[in-house]
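Biologist: Before I use any of the labels attached to this chain, I want to hear the grounds for each one. Please take them one at a time.

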Amino acid sequence: MFPVSRKNSVALFFCALTLTGCFGGSAEHIERAAISGTVTFDGKPLPEGSIQFVPDVDAAGKPVRGKLAQALIKDGNYSLSADAGPAVGNNKVLINATRKTGKFQESDGVKTEIMQQYIPARYNTQTTLKYEVKADENTADFALEAK
C-alpha cells in the first residue's frame, strides 16, 4: 500500500463525491403535463395506433428539453398522465397505425402476417404536426386525412 497525504485524501474524497453525484442533482427538472384527445382518420375514430410527442424547438430556436412521450390510441382516444406526459413547450407529433395486408412471411419456420403502415408519412416519419403543450391539462385532437 502506498502512503496518501491528508491533502491528497481530501482531494480524492471530493473527486469521489463529484463522480457519484453527491453534490446534489445537476439534472434540471423537466416539466411535463397531462394530455388527452382524439384522433380521427378520414372522419372516423382511429381504431388502434400510437401517438408520440417529441420535444421540438422554442420560439427562439432552442431545443425544448425533455423525452419523447407515447400513448396508445384505442377507438380514437388517447391519454397520458402528467408523470408520463410530454414536455411543456413545442412538440412534434407523430401518429402511427398499421393494418393486416393478407400477405404472410416465414422466418425460422414461423409464419406471420405482414402489417402495413397506412397513415401518410406527413403524420409520422415526415410529420408536419405540432402541438404546444401547456402546463397542467391539455386536450389535443387530430383530424388526419388519407389525401
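Biologist: Among the contacts in the chain with a separation of 6 or more, what share comes from residues 24 or more positions apart?

Modeller: The share is 64%. Keep in mind that this is a predicted model.

Biologist: Which elements does the chain hold, and in what pattern?

Modeller: The chain has one helix and eleven strands. Along the sequence the pattern reads α-β-β-β-β-β-β-β-β-β-β-β.

Biologist: How much of the chain counts as buried?

Modeller: Of its 147 residues, 29% do. The accessible surface of the chain is about 10,200 Å², and carbon and sulfur atoms account for 55% of that area.

Biologist: Why is Asn91 called buried?

Modeller: Buried requires a relative accessible area under 20%. Asn91 has 0%, so the label applies. The residue is found in strand 6.

Biologist: What does Asn91 touch, leaving aside neighbours within four places in sequence?

Modeller: Its contacts are Phe53, Val54, Pro55, Asp56, Pro86, Leu129, Lys130, Tyr131 and Val133. In addition, the Asn91 side chain reaches the backbone oxygen of Gly89 at 2.9 Å.

Biologist: What makes that approach to Gly89 a polar contact?

Modeller: The limit for a pair of N or O atoms is 3.5 Å. The distance from the Asn91 side chain to the Gly89 backbone oxygen is 2.9 Å, within that limit.

Biologist: Two of the residues touching Asn91 are Asp56 and Lys130. How do you know that Lys130 and Asp56 form a salt bridge?

Modeller: The cut-off is 4 Å between a side-chain nitrogen of Lys or Arg and a carboxyl oxygen of Asp or Glu. In the pair Lys130 and Asp56 the closest N and O atoms are 2.6 Å apart, so the pair qualifies. This salt bridge links distant parts of the chain, with Lys130 in strand 9 (residues 130-133) and Asp56 in the loop between strand 3 and strand 4, 74 residues apart.

Biologist: Are Lys130 and Asp56 buried or exposed, and why?

Modeller: Lys130 has 54% relative accessibility, and exposed means over 50%, so Lys130 counts as exposed. Asp56 has 12%, which is under 20%, so Asp56 counts as buried.

Biologist: How many salt bridges does a search of the whole structure find?

Modeller: Three. Another of them joins the side chains of Glu48 and Lys74, at 3.5 Å from N to O. Glu48 lies in strand 3 and Lys74 in strand 4, and the pair links distant parts of the chain, 26 residues apart. Lys134 and Glu132 also meet through their side chains in a salt bridge, at 3.3 Å from N to O.

Biologist: Why are Lys74, Lys134 and Glu132 given their accessibility label?

Modeller: Partly exposed covers values between 20% and 50%. Lys74 is at 47%, so it counts as partly exposed. Lys134, at 45%, is partly exposed as well, and Glu132 has the label because its value is 42%.

Biologist: What makes Asp75 and Asp108 worth listing by their phi values?

Modeller: Phi is positive in each, and each is a residue other than glycine: near 50 degrees for Asp75 and near 55 degrees for Asp108. Asp75 is in the loop between strand 4 and strand 5. Asp108 is in the loop between strand 7 (98-107) and strand 8 (110-117).

Biologist: Why are Asp75 and Asp108 called exposed?

Modeller: The threshold is over 50%. Asp75 is at 51%, so it counts as exposed. Asp108 is at 81%, so it counts as exposed too.

Biologist: Where is Gly66, and why is its label partly exposed?

Modeller: Gly66 is in the loop between strand 3 and strand 4. Its relative accessibility is 36%, so it falls between the 20% and 50% limits. Not counting residues up to four places away in sequence, Gly66 touches Ile30, Pro55 and Ala87. The C-alpha atoms of Gly66 and Asn91 are separated by 9.8 Å.

Biologist: Which members of the largest nonpolar core touch the most other members?

Modeller: Of its 23 residues, these are Leu46, Ile51, Tyr78, Ile95, Phe142 and Leu144. Elements giving two or more residues to this core include strand 1 (34-41), strand 6 (89-96) and strand 11 (142-144). Beyond four places in sequence, the contacts of Phe142 include Ile51, Tyr78 and Ile95.

Definitions and conventions: Residues are numbered from 1 along each chain as its sequence is written. This is a predicted model: local features need pLDDT of at least 70, side-chain atom pairs count only at pLDDT 80 or more; totals for chains, interfaces and linings use all residues. Side-chain values use heavy atoms; hydrogens and water are left out. A nonpolar core is a set of buried Ala, Val, Leu, Ile, Met, Phe, Trp, Tyr and Cys residues joined through side-chain atoms within 4.5 Å. Buried means under 20% relative accessible area, exposed over 50%, partly exposed in between (1.4 Å probe, protein chains only). Helices (H or I, at least four residues) and strands (E, at least two) are DSSP runs, numbered from the N terminus. Contact means heavy atoms within 4.5 Å. Accessible areas come from the Shrake-Rupley method with a 1.4 Å probe; for residues, only the protein chains shown count as cover. A polar contact is a pair of N or O atoms within 3.5 Å; within protein, one must be able to donate a hydrogen and the other to accept it, and residues adjacent in sequence count only if both atoms are side-chain atoms.
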